[in-house]
Amino acid sequence: FLHDPSAVTYVVAPELFTTVAWPVRVETMGLSRGKTWACLGDTDDPAPAAWQGRPTVRVATDVAGERVAALVSERLSAA
């Protein structure tokens, strides 16, 4: 998995990623500390209380993985 290089690749070639705008919260306590929780709009309430007032962020939901890996490999091996 190319987590950090994927973030950089998104800046260079965003067309390789499919993103959706969702409000997001980050867990700050407990076993899931650090986990991001997106409000996916999968309830009858379009903005549950815990997500009200949160700005939306672009969340990657799909990636052209082979193309990202090839681009990273190409850039890292360029002289």
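**Entry 1: charged pair.** I looked up the salt bridge first and found that the side chains of E74 and R75 meet at 4.0 Å, N to O. The model is a predicted one. I searched for further bridges, and the structure holds one salt bridge. I then checked the accessibility of R75: this residue is exposed, with a relative accessible area of 52%. I noted for context that side chains of opposite charge can pair when their charged atoms come close.

**Entry 2: overall layout.** I listed the secondary structure and obtained two helices and three strands. Read from the N terminus, the elements follow the order α-β-β-β-α. I recorded that 18% of the 79 residues of the chain count as buried. For the surface, I noted about 6200 Å² exposed by the chain, with carbon and sulfur atoms supplying 58% of this area. Among contacts with a separation of 6 or more, I found that 63% join residues 24 or more positions apart.

**Entry 3: nonpolar core.** I asked which residues make up the largest nonpolar core. I found six: A13, L16, F17, V68, L71 and V72. Helix α2, residues 65–77, gives the most to this core, with three residues.

**Entry 4: T9.** I turned to T9, which I located in helix α1. Is T9 buried or exposed? Its relative accessible area is 5%, and T9 is therefore buried, the cut-off being under 20%. I looked up its contacts, leaving aside neighbours within four places in sequence, and found P14, L16, F17, V68, L71 and V72. Of these contacts, I had already entered L16, F17, V68, L71 and V72 as members of the largest nonpolar core.

**Entry 5: aromatic pair.** I counted the aromatic pairs and found one. Y10 and F17 form this pair, which is edge-to-face, with 5.4 Å centre to centre and 80° between the planes. I compared the accessibility of the two partners: Y10 is partly exposed at 32% relative accessible area, whereas F17 counts as buried at 12%. I add that F17 also belongs to the largest nonpolar core.

**Entry 6: nonpolar surface.** I asked which residues make a nonpolar surface patch of about 290 Å². The patch is made by V8, V11 and V12. I placed V11 in helix α1, residues 3–12. V11 has a relative accessible area of 67% and is exposed. I set this value beside that of T9, also in helix α1, where the relative accessible area is 5%.

Key:
Residues numbered from 1 in each chain as written. Predicted model: local features only at pLDDT ≥ 70, side-chain atom pairs only at ≥ 80, totals over all residues. Heavy atoms only, no water. Core = buried A, V, L, I, M, F, W, Y, C linked by side-chain atoms within 4.5 Å. Buried < 20%, exposed > 50% of the residue type's maximum accessible area, 1.4 Å probe, protein only. Helix = DSSP H or I, 4+ residues; strand = E, 2+ residues; numbered from the N terminus. Patch = residues over 30% accessible without salt bridge, like charges linked within 9 Å, V, L, I, M, F, W, Y side chains within 5 Å. Areas by Shrake-Rupley, 256 points an atom, 1.4 Å probe, with all protein chains shown as cover. Contact = heavy atoms within 4.5 Å. Phe/Tyr/Trp six-rings, centres within 6.5 Å; stacked < 30°, edge-to-face > 60°.
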